[in-house]
Amino acid sequence: MAEHKRRVAPAPLSGAVGGPAGSRSYWWARLLLVPWWTLVTLIWAASRIVTTALVLLLANVQGANPWTGASPGYAEFANMWDARWYNIVAVTGYPSVLPLTAGGEIAENAWAFMPGYPVVVRLLMALSGAPWAPVAVVVSLAASLGAALLFYRLMRTVQPHTVALFAVVLFCVAPLSPVLQFGYAESLYLFLLILALLLLLERRYVLLFPVIAVMALTRPSGLAFALALGLHCVHRWIARARDPFPVRERMLAASVAVFSGISGLAWPAIAWIITGSITAYTDTELAWRSAYIGYQELVPFTAWFQGGVWWLGMPLGIVVVSVLILAFGLTLFLPAVRRLGVDLRFWLAGYGLYLLAVFFPQSSTFRLLMPMFPLLGAVAQPRSTLYRVGMVLLFIAGQWGWLLLCWGVDGADWTPP
């Protein structure tokens with residue numbers, strides 16, 4: 001007897017890929033099936049296209065300046081300001097005798113710029129035979145891609161996939177992101193810093209030793225990271241009942257914290273050995289703030305208040321700086337920031353305290369705030385499409401504002417990046 005079978009229409013594509021084919025939920029679900037590294041790379045590439053367009057637009061109207069002629073090409077324009085100092089380090093190294101001003105004070109010189117980034121660029125220059133400017137841009141671009149990939153991994157340890165991805169978007173389009181493709185050390189430094197934070201969260205203490213060693217010779221960071229590691233050790237000790245802290249891990253964590261502190265002092269010590277002046281590095285750094293407040297001794301935790309008074313006068317400058325310090329402290333306890341986890345907040349606190357202790361606030365402070373990037377993981381948490389689109393557009397507008405204010409040169413410019 002013939003068997004009769006009921007014909008069943010095929011079901012619409014749904015389930016694992018979320019909703020009927022062609023729907024918004026379907027394509028969103030399909031997008032989430034793409035490997036994370038592919039998505040991050042696409043985000044990075046799209047952001048670099050946008051930023052490059054902005055940079056070229058500004059370069060086209062840039063007049064002649066101390067670094068380039070009028071309307072310079074991209075590589076030239078990307079190697080103005082401190083990029084020239086890194087170039088000097090790569091080609092000629094550091095002076096054994098500190099240069100002096102006409103008044104007998106220590107002048108601006110190469111000791112303010114650590115060797116990590118220029119050494120990498122110089123090695124690639126030797127291998128490729130290419131000049132500084134294009135190689136410096138390539139190194140920064142490659143490091144920025146690596147930083148974006150690692151940043152996703154870092155955010156993914158504390159945030160869901162979609163929030164981590166949007167945090168990467170914000171990282172790539174942030175107002176200071178043009179510097180990630182300039183002849184500056186920031187891209188390489190952020191790559192190393194994100195790697196160090198990821199290793200810390202994963203408690204892979206042994207691997208932190210070489211990363212910290214290189215990072216501390218790329219940008220000043222060893223002392224701030226040592227403070228974060230110290231807080232990490234104290235927290236793990238206090239919480240050891242619910243989160244075991246074996247003796248071996250205690251020894252390793254404490255050792256890497258001490259090592260980070262020593263690494264933070266290594267560059268000033270090297271400058272002392274080469275020049276014979278124990279204050280060679282700090283005197284060099286102080287030369288950059290002399291245009292604002294003259295030559296003064298380095299007194300920790302006074303520079304921000306000096307800057308506040310210089311910019312805003314008394315007593316408003318003191319009040320504003322005090323409010324900023326209080327606001328930053330309170331920010332670390334906001335619910336969105338608390339969701340980043342205790343270790344990332346330890347880094348934010350440690351680096352914030354380091355900046356308060358030694359840096360003078362002026363236009364380059366915007367760049368010095370870049371290591372606060374974990375806060376983007378808090379900014380990325382709202383799910384509203386309108387909010388997210390608005391934040392991206394706001395950040396891109398911020399890029400243009402920063403390029404105009406700090407990177408483009410208009411006569412006697414007083415806003416260095």
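Helices H4 (83–92), H10 (222–238), H11 (247–275), H12 (280–293), H16 and H17 each put at least two residues into the lining of the second largest pocket of this predicted model. Of these contributors, H12 gives the most, with ten residues. The pocket itself comes out at a volume of about 1000 Å³. Its lining runs to 43 residues, and the ones closest to the centre are Ala 112, Glu 285, Leu 286, Trp 288 and Phe 359. Sorted by class, the lining of this second largest pocket splits into 28 nonpolar, seven polar and eight charged residues.

Now for the largest pocket, which has a volume of about 1300 Å³. Here 42 residues make up the lining, with Trp 304, Thr 365, Phe 366, Leu 369 and Met 372 lying nearest the centre. Helices H13 (303–312), H14 (316–331), H16 (342–358), H17 (365–368), H18 (376–379) and H19 (385–407) each bring at least two residues to that lining. H14 takes the largest share, at eight residues. As for chemistry, the lining of the largest pocket holds 31 nonpolar and eleven polar residues, and no charged ones.

Put side by side, the two linings draw on some shared helices. H16 and H17 each supply at least two residues to the largest pocket, and H16 and H17 each do so for the second largest pocket as well. Charge is another point to look at: the lining of the largest pocket has no charged residues, whereas that of the second largest pocket has eight.

Definitions and conventions
Residues numbered from 1 in each chain as written. Predicted model: local features only at pLDDT ≥ 70, side-chain atom pairs only at ≥ 80, totals over all residues. Heavy atoms only, no water. 1 Å grid on protein atoms, 1.4 Å probe; cavity = no way out; pocket = protein on both sides within 12 Å on 5 of 7 lines; lining within 4 Å. Points joined across faces, edges and corners; volume = space filled by probe spheres on them. Helix = DSSP H or I, 4+ residues; strand = E, 2+ residues; numbered from the N terminus. Nonpolar A, V, L, I, M, F, W, Y, C, P; charged D, E, K, R; others polar.
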